[in-house]
Amino acid sequence: MESSNPTLNEKTFGAARVGMGEPAMTVQGTVNKTFILLAVLVAAAMWTWSKTSDPSSAGFVNVTFIGSMIVGLIFAVATSFKPKWAPITAPLYAACEGLLLVFFPRILKELSGIVVKAVGLTFAVTFAMLMGYKAGWLQATPGLRKGLMIAMGGIMIFYAVCWIASMFGIHPPGFLNGGGPLGIAFSLLWWG
């Protein structure tokens with residue numbers, strides 16, 4: 001695999017070879033650990049959400065926002081340079097990200113509805129994909145990767161065209177990207 005990213009080069013993966021007495025990495029093990037990280041992230045986000053709704057904790061919220069951003073960056077960098085620390089730093093990083101995620105709807109008050117939906121849908125899609133891997137319905141084959149890339153590219157192009165058209169006062173019919181029953185049915189039929 002070729003990459004200029006320092007965490008995705010051959011040296012990094014060469015150093016991560018299984019040593020004597022260490023179990024090999026498996027898809028199921030990765031799925032299990034990702035479930036744990038997702039649970040930590042969601043728990044931290046829910047806790048922070050409960051704190052941000054209380055106006056008397058505004059000072060605490062600001063300190064938590066800045067602290068989780070800085071500490072999360074430190075854990076990310078530490079994990080990049082010392083992958084063996086990941087069993088400790090990955091859950092701590094997930095908790096920091098959970099704390100941080102909740103602040104964006106609060107900061108972007110005029111867009112809070114869409115941010116909350118995006119975060120919630122991201123959690124739901126991640127959970128659904130993990131369940132698919134856990135059940136054996138999904139396997140990371142080249143065909144799956146190509147299909148996902150094509151679908152994501154198509155969605156990105158569609159929404160980019162809608163966004164650019166909206167700048168000129170042209171709005172697509174509600175069923176194309178609406179959240180109602182017709183919009184959901186269209187999305188399932190068109191993208192599914």
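This is a short dialogue on reading a predicted model.

Student: Where do I start? Which elements does the chain have?

Tutor: Start with the element list. The chain has nine helices and zero strands. From the N terminus on, the order is α-α-α-α-α-α-α-α-α. Remember that the model is predicted.

Student: How much of the chain is buried?

Tutor: Burial is read from relative accessible area, and under 20% counts as buried. Of the 192 residues, 18% meet that mark. The accessible surface comes to about 13,800 Å². Carbon and sulfur atoms hold 75% of that surface.

Student: What share of the contacts joins residues 24 or more positions apart?

Tutor: Take the contacts in the chain with a separation of 6 or more. Residues 24 or more positions apart account for 58% of them. Here is a pair that is distant in sequence: Thr-30 and Lys-134 are 104 residues apart, yet their C-alpha atoms are 9.8 Å apart in space. Thr-30 is found in helix H2. Thr-30 counts as partly exposed because its relative accessibility is 32%.

Student: How do I check a helix for length? What should H7 span?

Tutor: Compare the end-to-end C-alpha distance with 1.5 Å a residue. H7 has 26 residues, so it should span 38 Å; its end C-alpha atoms are 38 Å apart, which agrees. Helix H4, residues 86-101, has 16 residues and reaches 21 Å, close to the 22 Å expected.

Student: Which residues of H7 are buried?

Tutor: First the general idea. An α-helix has 3.6 residues a turn, so residues three or four places apart point the same way. In H7, the buried residues include Phe-158, Cys-162 and Ala-165. Ile-164 also lies in H7. Ile-164 is partly exposed because its relative accessible area is 44%. After H7 comes Gly-169, with a positive phi near 80°.

Student: Ile-164 is a nonpolar residue. Which surface patch includes Ile-164?

Tutor: A nonpolar patch of about 620 Å². Trp-163, Ile-164, Met-167, Phe-168 and Ile-170 make it.

Student: Now the inside. Which residues form the largest nonpolar core?

Tutor: The general idea comes first. In soluble globular proteins, nonpolar side chains tend to be buried together. In this chain the largest nonpolar core has seven residues: Val-31, Phe-35, Leu-38, Leu-41, Ala-94, Phe-123 and Leu-130. Helix H2 (27-52) and helix H6 (112-135) each supply at least two of them. H2 gives the most, with four residues.

Student: What does Ala-94 touch beyond its neighbours within four places in sequence?

Tutor: Ala-94 is in contact with Leu-37, Val-40 and Leu-41. Ala-94 is among the buried residues of H4. The others there are Thr-89, Cys-96, Gly-98, Leu-99 and Leu-100.

Student: Polar residues next. Is Ser-68 buried or exposed?

Tutor: Read the relative accessibility, not the residue type. Ser-68 sits in helix H3. Ser-68 counts as buried because its relative accessibility is 3%. Setting aside neighbours within four places, Ser-68 is in contact with Cys-96, Leu-99 and Leu-100.

Student: And Thr-64: buried or exposed?

Tutor: Thr-64 is in helix H3, residues 58-81. Thr-64 is buried because its relative accessible area is 11%. With the same neighbours within four places left out, Thr-64 is in contact with Leu-99 and Phe-103. Leu-99 thus appears in the contacts of Ser-68 and in those of Thr-64.

Definitions and conventions. Residues are numbered from 1 along each chain as its sequence is written. This is a predicted model: local features need pLDDT of at least 70, side-chain atom pairs count only at pLDDT 80 or more; totals for chains, interfaces and linings use all residues. Side-chain values use heavy atoms; hydrogens and water are left out. Helices (H or I, at least four residues) and strands (E, at least two) are DSSP runs, numbered from the N terminus. Buried means under 20% relative accessible area, exposed over 50%, partly exposed in between (1.4 Å probe, protein chains only). Contact means heavy atoms within 4.5 Å. Accessible areas come from the Shrake-Rupley method with a 1.4 Å probe; for residues, only the protein chains shown count as cover. The expected span of a helix is 1.5 Å times one less than its number of residues. A nonpolar core is a set of buried Ala, Val, Leu, Ile, Met, Phe, Trp, Tyr and Cys residues joined through side-chain atoms within 4.5 Å. Patches are made of residues with over 30% relative accessible area and no salt bridge: like charges are joined within 9 Å, nonpolar side chains (Val, Leu, Ile, Met, Phe, Trp, Tyr) within 5 Å. A salt bridge is a side-chain nitrogen of Lys or Arg within 4 Å of a carboxyl oxygen of Asp or Glu.
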